[in-house]
Amino acid sequence: VANTMLVTSHAIPNANTWQTPPTSGMTQAFQVMSGIEMIQVSYALQAASGATGTKRATDLGPDAVDVGNAQILALRPAVSVNHYAIGVLSTSVANCDFAQVTVTAHDAAHASVNPPSSRIVTLSTSVGTGVWQPALVAGAGTWTPSGLNNGVATYQWSGTESSFTVRLRQSAVTNLSVNLSDNAAITETGTEDPTISFANSAFRISTGANAALAIGPQIAAKASNVAPGSQNLFLQAIRTDTTTGACTSLFPSGSDVAIQVGAQCNNPATCTQSVTLTTTSPAGNSGSFVPNGAFPATINFRFTTANAEAPFLFSYADAGQITLQFLAALPSPPAGVFVSGTSNALVVRPFGFFLSGAGIPGVTGPGGAVFKKAGENFNVIVAAVAWQAGDDLNNDGVPDSGANLSDNAVLP
């Protein structure tokens with residue numbers, strides 16, 4: 001693997017000195033006489049993955065050539081947790097509901113890493129309140145919530161995972177963030193620590209069966225209800241019952257509600273292509289907009305299920321990470337009261353890559369003209385492209401063999 005530390009030892013049954021520095025790009029750690037053998041230990045960092053090549057040591061004499069022993073040891077780079085990233089299912093949560101929180105260990109390059117099993121992380125909230133729920137949503141480690149309304153819990157990593165998911169209940173209307181610190185003094189970063197808004201009512205993405213849902217990875221220009229990765233998505237508005245504290249529907253089933261829609265650009269931070277969102281409402285049921293953090297379109301949603309959930313589908317014409325967002329004014333009085341909510345931060349990938357350039361494609365078979373000689377340079381343009389149904393007849397999310405991608409939309 002990359003960044004492997006190679007350690008060699010060479011031993012020979014005489015008192016001769018070994019050449020320093022060793023050949024083969026090694027660095028001597030030490031050489032020492034042990035019993036009747038002179039031993040040299042050397043090391044080198046191999047930056048790229050691949051074969052180690054031959055590693056040599058040279059006996060400087062004066063004794064005649066002897067037979068000795070040689071060993072090589074390859075040490076993998078140690079896992080290094082640089083910080084923790086916090087993700088949430090939604091940044092707007094009703095008090096009757098749970099905030100679903102995922103903690104992921106990252107290295108300095110933001111790649112996921114597995115913390116060792118000796119690592120214990122302590123969770124708290126910025127407001128010092130909140131009750132962590134007793135069951136893990138996902139994780140193989142040991143989850144120990146305090147059981148109190150103090151926002152405190154601990155998690156001991158299993159050593160075999162890079163993330164875990166838990167739920168937080170907050171009874172107060174407030175904004176908060178989750179704070180982390182482990183027993184190696186590693187914490188979260190501000191850029192990967194969203195603020196969670198708890199309110200009396202909120203929108204959430206749901207399953208159609210009265211349960212919250214995360215939108216899975218999508219493909220540029222493919223509708224969310226088309227395979228692969230097809231999902232039946234619903235928008236649900238819930239409120240906290242003032243008597244029981246339980247979640248109840250904000251809008252009655254069968255109603256049509258005008259809702260402002262938009263999206264945030266997470267990565268990259270600026271978008272240029274449109275999200276298209278469509279509902280089952282009989283009129284005003286579709287809109288397209290470029291994600292900019294605002295609410296540039298208003299669409300009618302029809303809430304149809306027994307738990308008043310409104311089916312919808314969407315597509316995004318580019319690749320990246322975005323978050324859908326929703327906003328609606330509640331009937332007055334009082335005026336100026338809104339319900340809001342977001343999806344999870346979802347990833348949209350390119351459908352495939354189209355290669356073009358002078359003479360590409362050009363050779364149609366073994367009898368065609370020679371394009372280039374072996375070893376001769378040529379220029380090629382690689383473009384990420386959007387999905388088209390005719391190029392994915394088996395619905396596996398990758399271009400079919402022989403698919404023509406030259407007319408697919410190029411992603412900026």
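A pocket, as I use the word here, is an open set of grid points with protein on both sides within 12 Å along at least five of seven lines, and its volume is the space filled by probe spheres set on those points. I keep in mind throughout that this is a predicted model.

**Entry 1: the second largest pocket**

I looked up the second largest pocket, and I found about 260 Å³ of space in it. Its lining is made by 22 residues, and those that lie nearest its centre are Leu89, Asp97, Phe98, Arg204 and Ala212. I then asked which strands each supply at least two residues of this lining. They are strand S6 (92-94), S7 and strand S16 (201-206), and S16 gives the largest share of the lining, with four residues. Sorted by class, the residues of this lining are 12 nonpolar, seven polar and three charged.

**Entry 2: the largest pocket**

I turned next to the largest pocket, for which I noted a volume of about 890 Å³. I counted 33 residues in its lining, with Ile86, Gly87, Val88, Gln321 and Ala345 lying nearest the centre. Several strands each bring at least two residues to this lining, among them strand S5 (83-88), strand S7 (99-106) and strand S20 (256-267); strand S25 (320-329) and strand S27 (346-349) do so too. The class count for the lining of the largest pocket came out as 20 polar, 11 nonpolar and two charged residues.

**Entry 3: the sheet around S6**

S6, which I had met in the lining of the second largest pocket, also belongs to an open sheet of three strands, with the order S6-S15-S13 and mixed pairing. In this sheet S6 and strand S13 (174-176) are the edge strands, each with a single partner strand, so one side of each has no neighbour in the sheet. From one strand to the next the twist averages 25 degrees. I checked the pairing of S6 with strand S15 (residues 196-199), and found it to be parallel, over three bridges. Within it, alanine 94 stands opposite alanine 199 of S15.

**Entry 4: the sheet of S1 to S4**

I looked up an open sheet of four strands as well, and wrote down its order as S2-S3-S1-S4, with antiparallel pairing. Strand S2 (27-34) and strand S4 (69-75) are at its edges with a single partner strand each, so each of them has one side left without a neighbour in the sheet. The twist here averages 15 degrees from one strand to the next. Strand S1 (residues 4-12) is paired with S4 in the antiparallel sense over seven bridges, and threonine 8 stands opposite isoleucine 72 in S4.

**Entry 5: strand S11 and its partners**

Which residues of strand S11 (residues 153-156) point to one face and are buried, and which point to the other and are not? I found that Ala153 and Tyr155 share the buried face, whereas Thr154 and Gln156 point to the other and are not buried, so that the side chains alternate along the strand. S11 runs antiparallel to strand S8 (residues 120-125), to which four bridges join it, and four bridges also join S11 to strand S10 (residues 142-145), again antiparallel. I noted that tyrosine 155 is the bridge partner of valine 121 and also of tryptophan 143.

**Entry 6: the disulfides**

How many disulfides does a search of the whole structure find? I recorded two, and, with bonded cysteines counted along the chain, their pattern is 1-2, 3-4.

One of them joins cysteine 96 to cysteine 247, with an S to S distance of 2.0 Å. Cysteine 96 sits in the loop between S6 and S7 and cysteine 247 in strand S19 (residues 247-249), so this pair ties together parts that are 151 residues apart in sequence. The torsion about the S-S bond of cysteine 96 and cysteine 247 is about 105 degrees, and the disulfide is therefore right-handed. I asked why cysteine 96 counts as buried. Its relative accessibility is 6%, and the cut-off for buried is under 20%. Cysteine 247, with a relative accessible area of 37%, is partly exposed.

The other disulfide joins cysteine 265 to cysteine 271, with an S to S distance of 1.8 Å. Here I found both cysteine 265 and cysteine 271 to be buried.

Technical notes. Residues are numbered from 1 along each chain as its sequence is written. This is a predicted model: local features need pLDDT of at least 70, side-chain atom pairs count only at pLDDT 80 or more; totals for chains, interfaces and linings use all residues. Side-chain values use heavy atoms; hydrogens and water are left out. On a 1 Å grid over the protein atoms alone, a cavity is a set of points where a 1.4 Å probe fits but cannot get out, and a pocket is an open set with protein on both sides within 12 Å along at least five of seven lines; lining residues have an atom within 4 Å of a point. Ala, Val, Leu, Ile, Met, Phe, Trp, Tyr, Cys and Pro count as nonpolar, Asp, Glu, Lys and Arg as charged, and the others, Gly among them, as polar. Buried means under 20% relative accessible area, exposed over 50%, partly exposed in between (1.4 Å probe, protein chains only). Two strands pair if DSSP finds at least two bridges between them. Axes are lines fitted to C-alpha atoms, for helices over the stretch in contact, and angles run from 0 to 180 degrees between N-to-C directions. A disulfide is a pair of cysteine sulfur atoms within 2.5 Å.
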